[in-house]
Amino acid sequence: MEQILANGLYLGAQYALIALGLTLIFSLMNVLNFAHGQMYVFGGFVTYTIVAQWGMPFIVGLIASAVMLAVMGALIEVFLFRPVIRKSKRDESTMLLAAGIAFFLDAVILLLFGEKQRGVPKIVNGVFNWDMRLIMPYDRILIGVLAIAIIAGFIALMQYSKTGRAMRALAQDRVAAQLMGVDVDRYSMIGFALGAMLAGLVGGLLVTITGVNLGMGGPTSVKAFMMIMIGGAGVISGAIAGGFILGMMESIGLTVLAVYGDITYLAIFASLMVFLAFRPQGLMGKPWG
Amino acid sequence: MLRRTLLKTTALAAVASFAMLGTAFAENPVLKIGFVGVTSGPAAAWGTSNQRSMETRAAWINETGGYDIAGTKYDVQIISFDDQKDPKRAIAGMEQMAQEGIHYVVGPNVDDGAAAVRPVAEQNAIMYFPYAFPKELYTAPASNAVLGMVANYQSGPAIYKYLMDNNGVKKVAFVAANESDPLSQRDSGSAAAKALGLEVVSDSVTYQVDTTDFTPVLLPVIQAAPDLLVLSGVSPANAPQLIRSARELGFAGLISTETAQDAAVLQEGAGELANGFISVGGASTPELASDMMKEFVDRYTKMFGEYNDESNTKVYALEYILATIAANPAALDNVDEFKATMDTFEAPNPYMVGDAKLKYVGMTSFGQKRQVSVPLVVNTFKDGKFETLFVAQVD
Amino acid sequence: MNKQFLGLGAFLLAVFVLVPVLIAASGRWDLYYTLTSVALLAIGSAGVWLTFYIGRINIGQGAYALMGGYVSAVLMTQVGVSFWLTLPAAGLFCAMISVLIGLPILRLRGVYFAMITLVLTEVTRLSALALSVTNGAKGITSIPLPGALKIFGITIIPDFATMANPKLAFYLLAVTLMVLSYAALWRIVNSRLGHLCRSLQQNEELAASIGVNTAYLRVLAYAISSFFGGLSGAVFVAISQSIYPSSFAVTDSVNFMLYCFVGGLGFVAGPMLGTFLLYFGWDLLSVASEYQLLIYSSAMIALMLVLPNGVLSLFDKKGGQK
């Protein structure tokens, strides 16, 4: 039981971090960023290159991933999303753009980093073992703690900094925020950069545990979509809740339903659909996000 | 990584200029061989190692003056098509091969693609060499598919038997991704284990291929306390993570798979935790590799920057096609001649030391000779390298 | 009006006469399969387009294509029903399922609906893996080619297995179905139903307040959409003579949606053109080998920057800024 909960918590922490970036971008710009998973993969490969290929310390790789993805996010917002949002008649058109960017990043990742699975050596050795009831490798604990720290830092940023307040205002009501003198263009860019940076950070963190390969992007995006659906799209607390809930569901489901064969995910997906049928805006979302 | 790309580009440029030189001076006739498989997306590693093996070998042949078929030297040209692991695309790829007048195609890499291209291949007289295991592809009335490797229902029993005899394995557990290929392999593996008298303690646990944490997946399996954990049809991307999670959960038994793996990937992803991991490979371990195999690895590495051990099993298909055509030149554009030759064809295996032979097999599994005979080399992983555990033959 | 009929006539002439003649003349027989695929995928996209028309982003058409494919495959191999009967059966089965699924989920809007349909594709794949009627992971293979279609003893369509050129037959079948589907779509859009759907797209509450039965309309549109999805899946199965749980995946669902965007959401012919451009474009780019995806995605991004409202918005003279 302890083991199941610990697994769920660890999974939840990493999921929540992935969902945060996605929901931030969505709340600010109403863009469903299909390329989020690819950004995560890109971040992983950057850390891999710096740590495993160039032999630099892990923290350098992590920071490099964050910076690189933040810059990439800012550029994508300014040069791609901004003009398209301005010109298109329907909001949904940005989905095609996002999907195009996802394909583009897939292609770039294949050309730059190759098709193989990559991973960096363990950053901490050893396994925490509490009487066989709870087994958790130290590196997993470290990554879990780091993930939670980053989530906490992000929440603090959103709550207490000027940037955070401006972005929250923007998320609540774009027009009103603009009228109050918030520089919408600037904060959209910062928000997108921040969202992409979070994706890069998760990629950098997880490359030490799960490694990275170019196929992880799409499925990761889909998983992140599910988390923000559970919690409510565009709501920061919702994304965190969604991440932890999905993590727990997987951990419990995989243990309890294992004997029935491969139905765990079917059960998770189906219950998600039922849940949304009753509560269309997720746990904490505003109706019709 | 940049270095790799640079190397790759230079290598490609070099190949391109060689190719041009070749056409300008030698004026050999060109023999086109097709490849339809997955070279992008999650499973890119499978097809890429295929395609690169073929391109390496083709460049090598062309550089040394071409392949001799009935006194004529042929330059070998590889025509590749990326099916994105989509059976609908694979059909388009096969159609394109037919359009190019190609009669010999390597691929596709997965079950659904191999089944989908069957009608096209049969209508257009194309022999194809899939890396997919469903038996109906190779048993009559199907006759155009030739299994390009050892199937898991052939290698699995051999491995289990060996481990029963040598390591006292009694209880076995299976884990598979919830996709067609791995699930089918799990079912046949489990059946084979039962037939050998092993106790199957768990064969219902599956995982999504995009799983980022395998601990919850493996928890119930490890609790069933098997002696041997079989990762059925595991992709090279998932293998190191599964091994790592299993070991970290305190699993001390053996871990094995029936698919080919890459040593570098295992080393990076699981490090010393992967020591003792049993997988099926080709003949590139130092004890078995011939000079030709070593040169192949060399050339591959030069051309693409990095070798992939999965290519050890994938070097053979092209060799078989060329050698069979050389044995019966009428097969150049007549696959019926090719099929007739398959029954009697035999040639030395250039990639392995000793007197191993290239020949077609499959009578036991398929009732007709529709499988290339590659040595069933079972490896264990040790400190970043593969070591040969044992070698067997499939009939 | 005359101009429209002229255009339609030219289109029909092109697909039924010109294409086969040109292919015969050039010897590019492989194009038949490519064009058949385009036609079939265009049918699926037509359905997605219709859900867009009621203001829903549908990323779940792959699910219905897979269902349709399985219905056709199971009926043919296990019950021995003729392929021609399984075609409408596949469509109707999907429409029925979509009513059941649609009743609850069509209450969702915007990205919520989009994401739940995305999950639906994965649910369908996993169900196909888990069920026994679908033969699970092993898929259904060796499905026979379409047999002869006879009405009152008169052969309307001969047995595909006896044909010298089944490729041409499949092409004609796919194109015919496509023309019929788009005719139906055009008819729907230009009927009272179409006007009501448009009112849903613009403001659902307002439409409901003036007495439009929005729930009924949504489910109806979604059912028609899924019918198209099932149809296209069933024909694909006949061509590949096999079906696996992975035959239609999340990628396909996303592609169906992209086809609509590229062509233009404001035009009935949009999805058809979008399918043609994206599918054919990918095939043409295969000469670029490893740079194929890079060029393809760059082109898609560029297209979005230049024509964010779809290719057909080029011809839309009334269209202005939003």
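This passage walks through the fold of chain B, its two domains, its contact with chain C, and a helix pair in chain A. The model described here is a predicted one.

A good place to start is the overall build of chain B. Its secondary structure comprises 15 helices and 15 strands. For the 395 residues of chain B, the globule rule gives 21 Å, and the radius of gyration is close to that value at 21 Å, so the chain is as compact as a globular protein of that length. Measured out along the principal axes, the C-alpha trace of chain B spans about 65 × 50 × 40 Å.

Within this chain, the domain assignment gives two parts. Domain 1 of chain B is made up of two segments, 30-149 and 285-374, while domain 2 of chain B covers 152-259. Their C-alpha centres lie 29 Å apart. Where the two domains of chain B meet, eleven residues of domain 1 are in contact with ten residues of domain 2. On the domain 1 side of this meeting place, the residues divide into seven nonpolar, one polar and three charged.

Chain B also touches a neighbour, chain C. Chain B gives 26 residues to this contact, and chain C gives 29 residues. On the side of chain B, the elements that supply two or more residues are the strand β3 (72-82) and the helices α3 (87-99), α4 (111-116), α5 (118-123) and α7 (180-195). Of these, α3(B) provides the largest share, with eight residues. The side of chain B that touches chain C is mixed in character, with ten nonpolar, seven polar and nine charged residues.

Turning to chain A, one pair of helices invites a look at how helices pack. Helix α2 (residues 36-53) and helix α8 (residues 184-206) of chain A have axes that come within 7 Å and cross at roughly 50°. The helices α2(A) and α8(A) are therefore oblique to each other, and α2(A) passes α8(A) in a right-handed crossing. The residues of α2(A) that make the contact include A:His36, A:Met39, A:Tyr40 and A:Phe42, as well as the neighbouring glycines A:Gly43 and A:Gly44. From α8(A), the contributors include A:Ala196, A:Ala199, A:Leu201 and A:Val202, together with A:Gly200, A:Gly203 and A:Gly204. Taken together, the residues of this contact divide into nine nonpolar and seven polar, with no charged residue.

Terms used. Residues numbered from 1 in each chain as written. Chains lettered and ligands numbered in written order. Predicted model: local features only at pLDDT ≥ 70, side-chain atom pairs only at ≥ 80, totals over all residues. Contact = placed C-beta atoms within 7 Å. Helix = DSSP H or I, 4+ residues; strand = E, 2+ residues; numbered from the N terminus. Nonpolar A, V, L, I, M, F, W, Y, C, P; charged D, E, K, R; others polar. Axes fitted to C-alpha atoms, helices over the stretch in contact; angles between N-to-C directions. Parallel < 35°, antiparallel > 145°, perpendicular 65-115°, else oblique. Left-handed = near helix turned anticlockwise from the far one by under 90°. Domains from an automatic or database assignment. Rg over C-alpha atoms; globule rule 2.2 N^0.38 Å.
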